[in-house]
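Got the viewer open? Let's take a walk through this one, a stop at a time.

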Amino acid sequence: MLELHQFELSHYVEKVRLILDYKGLAYRKVEVTPGIGQIDLYRLSGQRQVPVLQDGSQIIADSTAIAEYLERQYPDRPIIPTEPKLRGLTLLMEQWADESIGLNARKVLIGALNQDQSFRAALLPSSVPDVVRSLVGAVPGEFLSILGQGVGFGPDAIKTATEAIKRDLASLCFLLHDQPYLVTDHPTLADFAVAGMSMYLKFPTGDFLEIPDALKGKGVPGIADVGTFEPFFSWRDRLYAEYRKPLVGSSSSARSPNAINID
């Protein structure tokens with residue numbers, strides 16, 4: 001069976017999980033413990049980032065490389081068109097999703113966590129004691145913003161990322177106005193990349209992720225709750241309903257205690 005080394009809340013991992021489910025491939029999730037677990041991951045793959053896919057003796061790191069491997073090795077239900085123009089458009093949109101939506105969504109989420117105490121507390125694993133949850137929620141947002149400036153997550157960076165995300169979502173709404181998917185009449189790598197990268201903007205409802213119930217359907221204020229972007233999130237909900245395999249009763253999911261790590 002395929003093994004996916006992951007953080008449950010990695011949006012790059014989510015892109016891969018969407019592809020695996022679409023292709024109907026059984027896989028086992030291997031949750032990587034931040035820190036010590038990443039040392040083991042480095043020994044396995046030569047790098048510390050997730051996702052890493054293990055297929056027998058084959059070790060593939062990076063979500064794009066994994067997608068391309070799965071397409072070669074498991075060609076049923078293809079996700080990369082063969083027609084040159086459609087293929088190029090799919091690959092360009094995947095790169096755009098990874099580098100624009102993916103990176104900016106992380107900054108926007110950090111900004112929301114800085115400002116929204118309940119959102120911050122909800123992100124903690126269910127095993128965290130209530131007293132710790134209360135302490136984390138009570139940390140002033142201004143203090144977190146100051147800390148974030150030193151690592152590129154200050155207010156100015158978050159504002160720029162938020163503006164970029166809003167432009168991206170508006171563009172996606174236009175693209176999806178009169179077509180079911182982004183490139184062809186069936187899902188492609190572009191669709192799964194966009195859907196996965198948008199996870200931090202609004203977490204999907206339903207039993208797709210091992211996250212606290214308080215997080216399901218919750219997202220970044222000013223983005224997830226804005227009617228202008230509802231067509232996009234409705235499209236993503238449909239993509240999940242049709243192709244993402246729920247955790248409950250799923251043989252492809254090895255459920256394990258969840259260490260929350262935004263990567």
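Start with the whole protein in a surface view: of its 263 residues, 51% are buried. Keep in mind that this is a predicted model. What is left on the outside adds up to about 12100 Å² of exposed area, and 56% of that comes from carbon and sulfur atoms.

Now switch to cartoon. You should be able to pick out 10 helices and four strands. Trace them from the N terminus and the order reads β-α-β-α-β-β-α-α-α-α-α-α-α-α. If you turn on contacts, count those with a separation of 6 or more: 70% of them join residues 24 or more positions apart.

Next, color by pLDDT. The mean for the protein is 85, with 79% of the residues reaching 70 or more. Two stretches deserve a careful eye. Select residues 131-151, where the pLDDT is below 50; the model gives this stretch 29 contacts beyond near neighbours in sequence. Then select residues 250-262, also below 50, with 39 contacts beyond near neighbours in sequence. Where pLDDT is low, don't read the predicted coordinates in detail.

Time to zoom in. Select helix α1, residues 11-22. Put a distance between its end C-alpha atoms and you get 17 Å; 12 residues at 1.5 Å each should span 16 Å, so the two agree.

Is α1 buried or exposed? Of its 12 residues, 12 are buried, so the rest of the structure largely encloses this helix. Show the side chains and you'll find charged names in that buried set, among them Glu14, Lys15, Arg17 and Asp21, along with others including Val13, Leu18 and Ile19.

What do those buried residues pack against? Select the partners one by one: strands β1 (2-6) and β2 (27-31), then helices α3 (63-73), α4 (84-115), α9 (189-197) and α10 (230-243).

Now look at the two ends of α1. At the start, select Ser10 and Tyr12: a side-chain oxygen of Ser10 comes within 3.4 Å of the backbone nitrogen of Tyr12. Just past the other end, click Gly24, which has a positive phi of about 70°.

For the last stop, go back into α1 and select His11. His11 has 0% relative accessibility, so it counts as buried, the cut-off being under 20%. Where does the side chain of His11 reach? Add Gly102 to your selection: the His11 side chain meets the backbone oxygen of Gly102 at 2.9 Å.

Methods. Residues numbered from 1 in each chain as written. Predicted model: local features only at pLDDT ≥ 70, side-chain atom pairs only at ≥ 80, totals over all residues. Heavy atoms only, no water. Buried < 20%, exposed > 50% of the residue type's maximum accessible area, 1.4 Å probe, protein only. Contact = heavy atoms within 4.5 Å. Areas by Shrake-Rupley, 256 points an atom, 1.4 Å probe, with all protein chains shown as cover. Expected span 1.5 Å × (residues − 1). Polar contact = N/O pair within 3.5 Å; in protein donor to acceptor, adjacent residues only side chain to side chain. pLDDT = per-residue confidence, 0-100.
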